[in-house]
Amino acid sequence: MRRSLIAANWKMHKKIDEGLSFITGLKEKYPRTHPVEVVICAPFTMLFALAEKALGSGISIGAQNLYWEKKGAYTGETSGQMIVDAGCEYVIIGHSERRQYFHETNVEVNKKIKAAHAERLNVIFCIGESLTEREAGQTFTVVQKQLIEGLEGISEDALESITLAYEPIWAIGTGVTATPEQAGEVHTFIRKLIREQFSDPAAEKMRILYGGSVKPGNVDQLMALDDIDGGLVGGASLELSSFLQLINFKSS
Ligand code: PGA
């Protein structure tokens with residue numbers, strides 16, 4: 001059985017005191033026995049403070065990016081080692097905003113995944129097509145290329161620390177959510193690819209999150225699908241009240 005995961009992606013939002021009061025409130029409402037795993041991926045500036053606050057609560061803290069070198073003259077970059085040192089257990093890699101605005105390629109995404117694995121960081125590896133690609137009927141080929149190139153040289157053992165997130169770019173921050181049918185067919189396709197590239201057990205174990213305008217009003221419907229194992233949530237993760245509704249989705 002795959003344990004569901006709801007991950008907050010705060011992107012470039014919140015100051016340290018806002019992050020801390022969110023974690024304080026979340027801890028009060030998140031019993032350690034909660035069936036859904038929870039990860040808060042926050043800006044770098046507050047990771048250390050949040051990890052300290054979350055200690056012992058079962059809530060994990062994650063970064064939103066890393067650089068693949070361990071250390072050196074790379075002004076402005078943060079290594080996996082540093083992210084672990086700050087108390088994080090997770091890192092998001094390959095988010096579409098990084099691919100789009102910072103021109104990250106599949107090759108770079110692959111280096112980052114390997115660097116994260118070397119530090120024993122759990123990875124939330126994002127893939128997904130743009131609206132133009134969807135309309136041109138390229139959804140499956142784009143997702144397949146991102147997945148295969150991103151996981152190039154990754155062993156089946158290393159795969160255990162990876163959670164995939166299918167995030168159609170046209171659904172991110174737009175209020176437009178993929179219908180359960182649209183999301184479901186891509187999730188099923190992704191699981192099939194993992195089966196072909198690795199094995200049946202690897203495909204069965206792999207968690208595949210959906211991301212793109214997940215909110216309290218659609219979370220139950222999306223999470224009810226067999227191949228959807230949780231969500232990566234931007235906008236609706238910023239307010240504690242809506243985030244609590246998400247982690248308590250109905251089938252959980
Ligand atoms: P959204 O963002 O929930 O605001 O659409 C999701 C994401 O970018 O991970």
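This is a short tour of the predicted model, moving from the whole chain to one serine and its surroundings.

The model is predicted, so that local features need pLDDT of at least 70 and side-chain atom pairs count only at pLDDT 80 or more, while totals for chains, interfaces and linings use all residues. Residues are numbered from 1 along each chain as its sequence is written, and side-chain values use heavy atoms, with hydrogens and water left out.

**Whole chain.** Show the chain as a cartoon, in which you can look for 12 helices and eight strands (DSSP runs numbered from the N terminus, helices being H or I of at least four residues and strands E of at least two). The C-alpha trace spans about 45 × 45 × 35 Å along its principal axes. Of the 252 residues, 54% count as buried, that is, under 20% relative accessible area with a 1.4 Å probe and protein chains only.

**The cores.** Next select I40, F125 and F243, which have the most contacts inside the largest nonpolar core, a set of 68 residues. Such a core consists of buried Ala, Val, Leu, Ile, Met, Phe, Trp, Tyr and Cys residues joined through side-chain atoms within 4.5 Å. Helix α9 (residues 180–197) gives this core its largest share, six residues. A second, separate core has 11 residues, including V39, I92, C126 and L232.

**Around I40.** Stay on I40 and display its contacts, meaning heavy atoms within 4.5 Å; leaving aside neighbours within four places in sequence, the partners of I40 include A8, W10, F22 and F243.

**S237.** Now move to S237, in the loop between β8 (230–233) and α12 (240–247). S237 is buried, with a relative accessible area of 0%. Beyond its neighbours within four places in sequence, S237 is in contact with A8, N9, W10, F22 and F243. A polar atom of the S237 side chain lies 2.7 Å from the backbone oxygen of G234.

**Aromatic rings.** Select W10, F22 and F243 together, since these three form one aromatic cluster. Rings of Phe, Tyr and Trp (its six-membered ring) pair if their centres lie within 6.5 Å, and by this rule there are six aromatic pairs.

**Charges over rings.** Finally, add K14, which lies over the face of W10 at 5.0 Å from the ring centre, and then R98, whose charged end sits over the ring of F102, 4.3 Å from its centre. Here a charge counts as over a ring if NZ of Lys or CZ of Arg is within 6 Å of the ring centre and within 35 degrees of the ring normal.

Definitions and conventions
Buried < 20%, exposed > 50% of the residue type's maximum accessible area, 1.4 Å probe, protein only. Polar contact = N/O pair within 3.5 Å; in protein donor to acceptor, adjacent residues only side chain to side chain. Phe/Tyr/Trp six-rings, centres within 6.5 Å; stacked < 30°, edge-to-face > 60°.
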